[in-house]
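Colleague: Could you take me closely through one part of this model, namely its nonpolar interior, and then set the neighbouring features beside it?

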Amino acid sequence: MKEGSIKRDIVTPGETLAVIEEFFPGENTLEKKGEIRSLIVGLIQADFNRRVISVRKARKNRPLLPEPGDVIYALVQTVKDGVIAINDIIEIENKGVLSVPFTGILHVSESSSSYVKSLYEILRPGDFIRAVVVGRMKGPPYRLSIKGRDFGVILARCNFCLRYLRLKGGQLYCGRCKTTLRRKISLYYLFK
Ligand SMILES: [Zn+2]
């Protein structure tokens, strides 16, 4: 066992840390048949002066959760009664991919700064969006906004033939149906 190299080692319960010829058993360890074993999940702490080996509790890894102000990528599930349900918030920008996808909601008031007649002018089920988390509510469904030029659809399919829409002259265009389709488009739209 090399000095200095063991401090960061994570161990699990039952794992052998050392033998009693090398160390004395310290906190969160157990001596069994001449071996010192860990009782917990944690980090090995070796005191080479006192020859004591112990295990420090590892700080719980906080799962990645959306917070107000976070920019997220998500999929639109339903568009109904003035509310857009977001099925899968799958990634937080600059933070990472979520191990468990979260749900979100988007009110018509958070969708555009200009007047909107129908939510279908903004988003459709299956659209992939870039949005920002608003409000203070902890836990899903998270309140989202797509106000502003950076936010909105970043990838969408044609309402009729499901082909991916291309951004053309500031509008989404289906090359097969030869038609433009309305959406609230983000500057980050992917298919240009
Ligand atoms: Zn089409």
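Modeller: What follows goes from the main core to the second core, the aromatic pairs and the metal site.

This is a predicted model, in which local features need pLDDT of at least 70 and side-chain atom pairs count only at pLDDT 80 or more, while totals for chains, interfaces and linings use all residues. Residues are numbered from 1 along each chain as its sequence is written, and side-chain values use heavy atoms, with hydrogens and water left out.

The largest nonpolar core has 33 residues, and those with the most contacts inside it are I89, L123, I129 and L144; such a core is a set of buried Ala, Val, Leu, Ile, Met, Phe, Trp, Tyr and Cys residues joined through side-chain atoms within 4.5 Å, where buried means under 20% relative accessible area, exposed over 50% and partly exposed in between (1.4 Å probe, protein chains only). Strands that each supply at least two residues of this core include β8 (71-80), β9 (83-92), β10 (96-107) and β11 (128-134), and β8 gives the most, with 5 residues; strands here are DSSP runs (E, at least two residues), numbered from the N terminus. Leaving aside residues up to four places away in sequence, L144 touches, among others, I72, I86, I89, I105 and V133, contact meaning heavy atoms within 4.5 Å.

Apart from this core lies another, of 11 residues, among them F23, I40, I44 and A46. The whole structure holds 3 aromatic pairs, counted when rings of Phe, Tyr and Trp (its six-membered ring) have centres within 6.5 Å, with planes under 30 degrees apart called stacked, over 60 edge-to-face and the rest tilted. The rings of F23 and F48 have their centres 5.6 Å apart and their planes at 65°, so this pair is edge-to-face; F23 lies in the loop between β2 (16-19) and β3 (24-25), F48 in the loop between β6 (42-47) and β7 (52-57), 25 residues apart, and both residues are buried. Y73 and F128, by contrast, form a stacked pair, 6.5 Å centre to centre with 25° between the planes, which joins strand β8 to strand β11 across 55 residues.

As for the metal site, the zinc ion has C158, C161, C174 and C177 as its protein donors, each through SG, lying 2.2 to 2.3 Å from the ion; donors are N, O and S atoms within 2.8 Å of the metal (3.2 Å for Na, K and Ca), and water is not among the atoms, so sites may look incomplete. Of these donors, C174 is buried, with a relative accessible area of 0%, whereas C177 is partly exposed, at 30%.

Notes. Helix = DSSP H or I, 4+ residues; strand = E, 2+ residues; numbered from the N terminus.
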